[in-house]
Each structure stands twice: as structure tokens, then as C-alpha cells.
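Biologist: I'd like to learn how to read a structure like this one, feature by feature. Could you take me through it?

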Amino acid sequence: ARPRLCSSAGDSGGGGGLGGAMGSSASAGAGGVAVLVALADLLGVPAGPEPALLCGRCRAAFLPPRLAVLAEAIAFPAPAAAAAPAEKEGQAGPQSPTPSESLQAERSSGGGTDIEVTPLLREASDLFLLPLAVLSAPQKDEAPIHGVARNLLIRLLGRLRVCLRPWTDFEREWLFRLRHELCENEPGWLPQFVRQAHWDCLEEAKDVAQLIEKAHDRRSLGGRDALQVLSALGRNALPAVGVLGERRVGQAVIHAADALSRLPRTELACMLELLLDAALSFGAAGAVGGRREIVKRLLEAAREASPAALALRGELFWALEARSKNGAAARWSSAPDGAAMWAWAGVACEDLMRDLPPEEELALMRQRAWVRNLERGFYDAARGPAWGESRAFPLAVWPSDRMCLGMEGEPRDTASKNAPVIVRCRWQGRPDAPAPSAAEEAPRHAAEAP
């Protein structure tokens, strides 16, 4: 039979033969063979009645370190013809063999090391039953096949932590058995468990909720991981509430939202829409406590006195304003129940301005009035003479150290959906802003705001 090539045979480095096919275990029971076949596919081990040729990358994973180094050294001696330079300038030298030709040459010369597939898979299936601490720790004087199987499983764990596809039943059973150890050793596992869990299954939903609680108790959940947890949980809010109840889901959201305080405010502003959409999903599913906690964390961050918090404040103000307008539109539409779903946004917007200093609240109200004049087409009311330095206000689309003095000229329509209109405005520096950088010290009298 023609030898098969592994999936990465195009890599340089050559390979060795992999003999001992799955068919050699014909005496095994049907259930045991099925498990070994599934395990072979999971680990990426070539299995079949014919031998398989491994590239350098795969062979490095299958061989113990000392044997891999030895096999790499003896696998492909450099051809003498390839080492000799061309006799004449412009004449091409001997062509190096392709990876497929090199693999075939090595196999015909007897190089490499053979590993039996069936014993390897049986060793890996035994390791599947071990705790993570035992699986990760190399044993003293361990057998080569034991080390190969252990390294394959550890590499598999790394792939499963970041994979986007749904886990198979075989993977799910293994990983949920190791869930506590995995999340303790690597907090990045928690968002993956939240994404992969079947939230309509009571047992899995309880397991993941418990993982969130333990991560909160250990304070091991990072800000970015908390964003992923809240986003994934928000997408599954309805089935989660149906299985766990509103209180339990709300408590899980509170635990995850506590880690948002560790996120830089600039990153929090970039993920603002994601968090508000998750809050809307929790409220619509009945977990109102989770929605209130997310909004509370965002309001606390927006009230801080820093340039990043000022930028977040403007973004949050207009995000809540947009959702409040959706509620007003729903009140006059044929679906009046939609108004209650958006009413929280108007309340949050007023809460944001209530706890601000009077001058900051006034600046946001001026900004809202100026934008509303533009939306209604009242351009004369938005021009500079109606505003000026005495009524300067910030804009959410500008840096936090600029204050708008009103519109100049006429608006310019564009074909962009993100910025359908470009408005030219006068501006001045913010009196209480931090010192600008050297690139910003040059005076500029006009800027463009979408």
C-alpha cells in the first residue's frame, strides 16, 4: 500500500514511519476499538491499515525529546550534489528534493523510528482517566510511549482551550471532568467553558455557574476574560434563566462584572456596546440584577477623573441616549411592550448625570442639545455665534482635551454609514485637561467631527 502523508507533511524536516495500524487490534472489543478510533482522530494520530509518514513537526510531538533530536540529526544527510556550487554563473544548481520525495527516501533507507499506534492510543486512553496534576507532571524514568501520549494530551488541551468549534461529546466528557483543575491553573479556561456549555442542561449550567463563583472567590478572573464570560452568558441568557433561575444567573453576572474594574478604561470604552447588549439580554430574560450590576460598573468607571474616564463618559452617555430613543420609538409603535425593555437606559443616563459635578452635567446637556439641532436640521442654531467660548462643550467623537465652540460652514454628506455627515467645528483646549503631547501643541483652529 502507498504510504500516507500526515496533514502537515509540507513542512520541512522529514519524518519517520508510523506502523502498527489500528487494524492490528482486531481482537479488541467493538467498544474499545471505537474509543481508540475516536481518540486517534482527537489527537491527530494517523490510523489505518497502511503506514503513515510523519513530517518533522508531527515526529517531534510523537518522539521523546532525546530520540527526536537524534532522529532529526540522522534523518536527512545533505546530498553532496546539493552542497556543491554551480559550475558557471547563472547555471542553476541541483534542485533540493520535495518534502514528499524526502519522506519517501527516508522510509526506503530505514531512517526514523517506528511507533505502534495501538499501544500509544491505549496509553493515552489510560491517561484520560488521570487528574490534571498527574497528567501534567512528567514521571521519573517514564516509558517513551507514556511520555509521547502525555505530551499529545497536553498539546490537545492547549488547542481545546482556544478552539471556536463546539466540543465533541468525547472532549466534553473529558474536559468537564477536569474543569476545576483547568480553571485553577489557567483562568482563560473559564470563558471557554461558558461558551461551550449547554445552557439548557441543568447539570452543565450548574457546573459553569460554580466555576464562575470559585473564580470570583479566588479573584483570578481577569478583565478581558470577564468580558468574554458576560458576552457568552448574555447570548445564552434565556436558556440559563430557564434552567438556573433569575437569581442564580444574576449572581453569576455580579461575580463576573466585579472583574471589570481591572480592565483599562480605554478598553472598556471599546467594549461598551458588547456590555450594554449583554445587559439588555439579561434584563429581557428576567435577570434584572445582572443588568443593574453591569450598568452600575459602567457608571462607576465613567465618573472617574481621568482622560480615559472622560472618553468613556461621552461614549456611555450617547450609547444610553440611543437606547433611550429606541424606547421612545417603541412607545408610539405597534409594540408598546418594547418601551419597558428600553426604559432602563433612560434611567441610567439620568443616573450618570446626577452624580457628576454641575459643570460636567451642563457640558453633556449642551452636547445633547447641539446634536439634536443637527439631527433636526436646525443648522443656524448649531453654528458658532449661538455657542462660543461661554457655552463650549465636549464631543464624544473628539479627544477629551477639546471643547467645541459650534459649527462652521455647511455640513457635508458622505457615503459612509458610520459617518453620514461631516460637520466642521471650531474648538478650544479644555482648561482642566492634562498637558498635551508635543505633537498637539501646534495651534489648530478647526477640526472635523462626524
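**Reading the model together**

Modeller: Happily! Let's start with one residue: His146 touches Glu123, Leu127 and Gln139, leaving out residues up to four places away in sequence. Keep in mind that this is a predicted model.

Biologist: Where does His146 lie, and is it buried or exposed?

Modeller: His146 lies in helix 8, residues 144-162. Its relative accessibility is 10%, so His146 counts as buried. You can also compare sequence with space: His146 and Asp126 are 20 residues apart in sequence, and their C-alpha atoms are 9.8 Å apart.

Biologist: How do I step back to the whole chain?

Modeller: Begin with the inventory. The protein chain has 21 helices and six strands, and 44% of its 450 residues count as buried. Then look at contacts: among those between residues at least 6 apart in sequence, 69% join residues at least 24 apart.

Biologist: What should I expect of the nonpolar side chains?

Modeller: In soluble globular proteins, nonpolar side chains tend to be buried together. Here the largest nonpolar core has 96 residues, and Trp174 and Trp370 touch the most other members. Helix 17, residues 272-285, gives this core its largest share, eight residues.

Biologist: Which residues is Trp370 in contact with, leaving aside its neighbours within four places in sequence?

Modeller: The list is Ala382, Trp387, Phe393, Leu395, Cys404, Gly406, Met407, Val423 and Cys425.

Biologist: How do I tell whether a helix has one buried side?

Modeller: Mark its buried residues and see where they point. In helix 14, residues 237-244, the buried ones are Ala237, Ala240, Val241 and Leu244. They cover an arc of only 95° around the axis, which means that they sit on the same side of helix 14. Leu238 and Gly242, on the other side of helix 14, are exposed.

Biologist: What covers the buried residues of helix 14?

Modeller: The cover includes helix 12, helix 13, helix 15 (246-257) and helix 17. Look just past the end, too: Gly245 comes just after helix 14 and takes a positive phi of about 95°.

Biologist: Which residue has a positive phi although it is not a glycine?

Modeller: That is Arg219, with a phi of about 55°. Arg219 is found in the loop between helix 12 (202-218) and helix 13 (223-235). Because its relative accessibility is 53%, Arg219 counts as exposed.

Biologist: Now a contrasting case, please. How many of the residues of helix 11 are buried?

Modeller: Seven of the eight residues in helix 11 (residues 189-196) are buried, so helix 11 is largely enclosed by the rest of the structure. The buried residues are Trp189, Leu190, Pro191, Gln192, Phe193, Val194 and Gln196. Their cover includes helix 8, helix 9 (169-177), helix 10 (179-185), helix 12 and helix 13.

Biologist: And how do I read empty space inside the model?

Modeller: Ask how many cavities there are, then what lines them. A search of the whole structure finds two cavities of 30 Å³ or more. The second largest has a volume of about 30 Å³.

Biologist: Which residues line the second largest cavity?

Modeller: Its lining is made up of Cys183, Pro187, Leu190, Ala215, Arg218, Ser220 and Leu221. By type, the lining residues are five nonpolar, one polar and one charged. You can link this to the previous step: Leu190 is one of the buried residues of helix 11.

Definitions and conventions:
Residues are numbered from 1 along each chain as its sequence is written. This is a predicted model: local features need pLDDT of at least 70, side-chain atom pairs count only at pLDDT 80 or more; totals for chains, interfaces and linings use all residues. Side-chain values use heavy atoms; hydrogens and water are left out. A nonpolar core is a set of buried Ala, Val, Leu, Ile, Met, Phe, Trp, Tyr and Cys residues joined through side-chain atoms within 4.5 Å. Buried means under 20% relative accessible area, exposed over 50%, partly exposed in between (1.4 Å probe, protein chains only). Helices (H or I, at least four residues) and strands (E, at least two) are DSSP runs, numbered from the N terminus. Contact means heavy atoms within 4.5 Å. On a 1 Å grid over the protein atoms alone, a cavity is a set of points where a 1.4 Å probe fits but cannot get out, and a pocket is an open set with protein on both sides within 12 Å along at least five of seven lines; lining residues have an atom within 4 Å of a point. Grid points are joined across faces, edges and corners, and a volume is the space filled by probe spheres set on the points. Ala, Val, Leu, Ile, Met, Phe, Trp, Tyr, Cys and Pro count as nonpolar, Asp, Glu, Lys and Arg as charged, and the others, Gly among them, as polar. The arc is that of the directions from the helix axis to the C-beta atoms.
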